[in-house]
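Q: Please take a close look at a single part of this structure and describe how it is built and what surrounds it.

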Amino acid sequence: MRKFNIVWIMMVGACLLMLVGYNDQTKRVHNPDMVSIAHRGASGFAPENTRSAFSKGVELQADYLECDIHLSKDGELIIMHDEKIDRTTSGSGFIKDYTLAELRELDAGSSFSEEFQGEQIMTLNELLDEFYEQIGLLIELKYPENYPGIEERVVSLLKNYEDLSSIIIQSFDVDSMKKIHTMLPELEVAVLVHPSESILSAKKLDELTSFASYINFNVSFLNKRMVDKVHERGGKVFVWSKKDKKLVAKAQKYGVDGIISDFTKWPIDEPIYLVQE
Ligand code: G3P
Ligand code: CA
């Protein structure tokens with residue numbers, strides 16, 4: 001009788017664990033047909049690519065946080081958009097010429113607003129530590145050709161995570177994304193398409209969709225035909241824009257799979273809320 005009780009308790013426990021796991025996954029994406037991605041975090045409300053912007057993205061119920069990655073002088077994966085620290089921090093020069101300790105001294109908040117004075121830069125390790133459990137991550141490798149070995153470092157870090165289904169790596173650099181895909185095929189990669197090259201030939205689409213799960217475009221340089229062609233090949237499409245007021249309307253008309261936006265009031269009058277409860 002006692003043995004029966006133990007088996008019964010174990011079975012109920014296993015069911016509960018499965019349920020918790022299931023809920024954890026569904027929490028991450030609100031509307032799988034059109035996911036919302038906070039560009040550089042919710043960068044319309046807080047300094048881009050900082051902890052505050054990422055927290056705001058979670059608060060606004062984005063499905064993914066987008067961020068940009070470079071390598072510091074001592075080989076750390078640094079989250080920042082530009083190659084240089086001038087625009088967004090109190091310093092000047094290239095990220096690659098500073099160690100992580102030196103970069104941590106910078107104020108990465110005041111250039112956005114005094115309210116964020118003292119905001120520190122983040123590393124990819126920290127982003128994963130603090131946000132992996134809460135939300136999906138769309139991680140862009142910026143100019144990977146300038147950082148030999150960056151792909152190996154990213155892959156080595158991500159191998160610490162058993163479930164990579166909520167992480168996507170993207171870049172304008174096709175060779176870099178091929179390399180990541182070869183090293184870690186279970187990790188989805190995306191190719192970002194330069195606005196000037198948005199009309200892709202059938203041959204190019206075949207090549208890209210052979211390894212990339214997503215082909216991502218600036219919405220202003222896209223049409224529905226191109227989205228359909230990616231879909232026909234089993235790929236998905238995310239779109240982004242900094243300026244196009246019709247970002248959401250176009251995304252819906254073209255039937256894309258996700259929107260990368262600042263969640264900003266500018267230039268769109270209202271914040272973009274794509275979440276469907
Ligand atoms: O995710 C798309 C977008 O981030 C690419 O442009 O310059 O903002 O990194 P950028
Ligand atoms: Ca980016």
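**The ligand shell and strand β6**

A: The shell around ligand 1 is made up of five charged, three polar and three nonpolar residues. The model is a predicted one. The residues that surround the ligand are H39, R40, E66, D68, H81, E140, K142, Q170, L192, W240 and I260. Several of them place polar side-chain atoms by oxygen atoms of the ligand. For H39 the distance to a ligand oxygen is 2.7 Å, for Q170 it is 2.9 Å, and for E140 it is 3.1 Å. On its own, ligand 1 has an accessible area of 290 Å², of which the protein covers 90%.

One of these contacts leads into strand β6, since the strand comprises residues 167-171 and Q170 belongs to the ligand shell. All five of its residues are buried, so the strand is largely enclosed by the rest of the structure. The side chains alternate: I167, I169 and S171 point to one side of β6, whereas I168 and Q170 point to the other. Q170 is thus on the side shared with I168, and a polar atom of its side chain lies 2.9 Å from an oxygen atom of ligand 1.

Strand β6 has a parallel partner in β5 (residues 136-141), to which four bridges join it. In this pairing I139 stands opposite I169. Between the two strands, the chain passes through helix α5 (residues 150-158), and the resulting β-α-β crossover is right-handed. The residue range of β5 includes E140, which is also a member of the ligand shell.

A second partner is β7 (residues 188-192), which likewise runs parallel to β6 and is joined to it by four bridges. Here V189 is the residue opposite I169, so I169 faces I139 in β5 and V189 in β7. Helix α6 (residues 174-183) links β6 and β7 in a β-α-β unit that is again right-handed. L192, within the residue range of β7, is among the residues around ligand 1.

Helix α5, the connection between β5 and β6, contains L157. Its relative accessible area is 12%; because this lies under the cut-off of 20%, L157 counts as buried. The C-alpha atom of L157 is separated by 8.8 Å from that of L124, a residue 33 positions away along the chain.

Methods
Residues are numbered from 1 along each chain as its sequence is written. Chains are lettered from A and ligands numbered from 1 in the order in which they are written. This is a predicted model: local features need pLDDT of at least 70, side-chain atom pairs count only at pLDDT 80 or more; totals for chains, interfaces and linings use all residues. Side-chain values use heavy atoms; hydrogens and water are left out. Buried means under 20% relative accessible area, exposed over 50%, partly exposed in between (1.4 Å probe, protein chains only). Two strands pair if DSSP finds at least two bridges between them. A crossover is right-handed if, with the strands pointing away from the viewer, the path from the first strand over the helix to the second runs clockwise. A residue is near a molecule or strand if one of its heavy atoms lies within 4 Å of it. A polar contact is a pair of N or O atoms within 3.5 Å; within protein, one must be able to donate a hydrogen and the other to accept it, and residues adjacent in sequence count only if both atoms are side-chain atoms. Accessible areas come from the Shrake-Rupley method with a 1.4 Å probe; for residues, only the protein chains shown count as cover. Ala, Val, Leu, Ile, Met, Phe, Trp, Tyr, Cys and Pro count as nonpolar, Asp, Glu, Lys and Arg as charged, and the others, Gly among them, as polar.
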